[in-house]
Amino acid sequence: MQINELQAAALNTARERFFASWNPLHAPFPNRLYHYTSAAGLIGILSSRSLWLTDLRYMNDMSELQFAQQAIDQCISDKLSDPSLSEAQKEFLSRISRSYNPFDSGAAVYSASFCENKNLLSQWRAYRGQGGGYALGFDFFHTIRLLDRPCFLRRIIYGVEQQRSIIDDAVTNLLAGVHDGSKDLQLSDVSDQFLPAACQVFSQLAAELLFCLKHPDFHEEREWRLVSTTPQLSPIQRELIPPQFREFQGNIIPYYAVSYDRSVKASNDDLSGIGFPIQEVVIGPTVSGDLNESSLRTLMLSLSRDIVPNITKSEIPLRWL
Amino acid sequence: MEWNDAGDYAALIGGILYRNVKNPLVVNGTPPITLSRNPETSALAVSFQISADDENIIAKIDRNNVTVINENFYLYTGQKRFSVIRIKGGQVVLDLRYEIEDSPYELELSTIFLQDGCPVILHPERTKVAKTNDNSGPNLSNLTLTSQRDSQGTGIKLDRAAIYLLGVCIENLSNGVDISTGEGNADK
């Protein structure tokens with residue numbers, strides 16, 4: 001799609017303004033983030049030195065994507081009633097109200113969830129049926145730049161007012177960009193190229209919002225997501241590495257295994273100055289805490305002999321589950 | 001406002017847990033690391049200076065505030081944390097976490113420096129002196145060296161010797177690890 005320099009600059013400014021206020025919400029990230037998993041998941045993560053990032057569309061709870069979509073839809077709807085909008089701005093809003101879904105435009109988002117809280121009853125309950133859970137405390141400060149796939153951390157936003165404000169900013173910035181890029185032009189002049197480009201920018205911003213907004217009832221999780229984005233596989237992009245697949249309750253789930261092996265190797269090098277990426281493992285309420293602590297210690301020492309595994313146990317009584 | 005001595009404290013330095021040790025590290029009679037306490041916030045702070053192999057100063061840390069002087073290094077900051085990193089190669093020559101909550105220690109420091117050709121490695125997980133990546137096990141591990149409060153003793157004294165310490169705690173002594181370097185420092 002060809003748009004002129006002025007239009008490109010207008011959209012770029014809108015994108016930069018969004019990220020100027022968006023990025024500080026996600027930095028700095030906590031020094032320790034906990035990934036809850038089952039015993040099988042823990043063995044897999046430690047043995048393979050990798051984390052599985054799952055296609056966001058297939059993550060456990062589809063209603064959370066719908067929650068974010070509804071919030072975005074509401075904002076667009078509210079903006080449409082503004083009588084001061086230009087024709088181009090109205091057309092832009094109309095188009096994105098029909099479809100801004102980034103997953104429809106070829107993007108795929110993969111993520112794994114982490115919590116700031118290492119002793120969440122709701123998480124332990126989730127793994128009760130699998131014999132008990134574990135929380136792996138990762139230190140991403142240096143590890144994130146040593147992963148074998150570009151990833152970034154995003155904080156989940158729970159406050160409704162803050163969510164509204166963020167979405168409003170995104171839409172307002174782009175409306176300003178559409179205004180600047182369509183000044184002194186007819187709607188027909190911008191309809192075929194500039195407006196589709198503006199819609200695409202909004203899809204990119206919406207991709208950020210869709211996986212970062214959650215219902216306030218979940219706020220105790222204080223969740224973060226390790227995210228990797230990629231274009232969806234197609235016959236055209238030959239160089240893309242395809243995801244792997246696993247089965248869950250009859251569903252075929254795409255995922256990417258992101259390796260933190262470089263971080264483990266760096267921690268074993270005395271001169272790197274980099275510590276072991278997993279700083280703590282919390283054993284959830286379980287009947288065999290002591291036995292599991294012993295095997296877990298052996299498993300961690302198999303990754304590095306030069307650490308003192310920091311293994312703790314949840315103090316939540318098993319009967320509370 | 002005058003800063004106070006650290007007093008009662010707990011800090012992880014080079015993987016060693018120091019509790020109430022006036023000078024965690026002494027090198028050739030001088031403690032390179034100073035701990036003090038903010039009189040307003042009571043936060044534990046560290047001051048010291050990192051030098052490169054050629055003795056040019058890389059960075060100065062003054063009560064948890066860092067200034068990177070050497071243009072071959074950059075500062076990377078996080079949540080009450082910063083690292084000084086070599087641009088070429090990514091070596092982390094300093095990593096400091098401070099005002100740590102919900103932890104057995106308030107401050108965590110790791111750094112690497114050369115003293116008279118002797119590597120002093122205060123790694124995040126372990127302390128090594130005059131030993132680097134030689135795949136040997138620790139000389140001391142899972143050990144607590146303790147004494148009564150305000151004892152004037154030294155935990156571990158090295159005279160032109162090498163050591164690897166893992167999972168060590170030193171508490172209530174005047175000096176933690178006291179290193180004398182000099183010519184011919186080698187694995188003894």
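Two residues are taken to be in contact when heavy atoms of theirs lie within 4.5 Å. With that in mind, the predicted model can be read in three steps, beginning with a single asparagine in chain B.

B:Asn139 sits in the loop that links strand E14 (126–129) to strand E15 (140–145) of chain B. Setting aside neighbours within four places in sequence, the contacts of B:Asn139 are B:Lys131, B:Ala162, B:Ile163 and B:Tyr164. One of these partners, B:Tyr164, also offers its backbone nitrogen, which the side chain of B:Asn139 reaches at 2.7 Å. A further link to this stretch of chain B appears in the C-alpha positions: B:Asn139 and B:Leu165 are 26 residues apart along the chain, yet their C-alpha atoms are separated by 6.1 Å. Even with these partners, B:Asn139 remains partly exposed, at a relative accessible area of 43%. This value is classed as partly exposed because it falls between the 20% and 50% cut-offs.

A loop residue of chain A makes a helpful companion to this case. A:Ser304 is located between helix H11 (289–301) and strand E10 (311–313) of chain A. Its relative accessibility is 2%, so A:Ser304 counts as buried. Beyond residues up to four places away in sequence, A:Ser304 touches A:Asn268 and A:Phe276. A polar atom of the A:Ser304 side chain also lies 3.2 Å from the backbone nitrogen of A:Asp306.

Attention now turns to the meeting of the two chains. Here, 30 residues of chain B are in contact with 26 residues of chain A. The area buried between the chains is about 2300 Å², with carbon and sulfur atoms giving 45% of it. On the chain B side, B:Gln79, B:Arg81 and B:Glu125 lose the most area to chain A, and together they account for 25% of what that side buries.

Polar and charged pairings also join the two chains. Three salt bridges are counted between chain B and chain A, including the one in which the side chains of B:Lys128 and A:Asp270 meet at 2.7 Å, N to O. Residue pairs in polar contact, both at pLDDT 80 or more, number 19. Several strands of chain B give two or more residues each to the side that touches chain A, among them E9 (73–78), E12 (107–115) and E17 (163–171). The largest share, four residues, comes from E10(B). By class, this side of chain B has ten nonpolar, twelve polar and eight charged residues.

Note on methods: Residues are numbered from 1 along each chain as its sequence is written. Chains are lettered from A and ligands numbered from 1 in the order in which they are written. This is a predicted model: local features need pLDDT of at least 70, side-chain atom pairs count only at pLDDT 80 or more; totals for chains, interfaces and linings use all residues. Side-chain values use heavy atoms; hydrogens and water are left out. Buried means under 20% relative accessible area, exposed over 50%, partly exposed in between (1.4 Å probe, protein chains only). A polar contact is a pair of N or O atoms within 3.5 Å; within protein, one must be able to donate a hydrogen and the other to accept it, and residues adjacent in sequence count only if both atoms are side-chain atoms. Buried area is the accessible area (1.4 Å probe) that two parts lose on being put together, summed over both. A salt bridge is a side-chain nitrogen of Lys or Arg within 4 Å of a carboxyl oxygen of Asp or Glu. Ala, Val, Leu, Ile, Met, Phe, Trp, Tyr, Cys and Pro count as nonpolar, Asp, Glu, Lys and Arg as charged, and the others, Gly among them, as polar.
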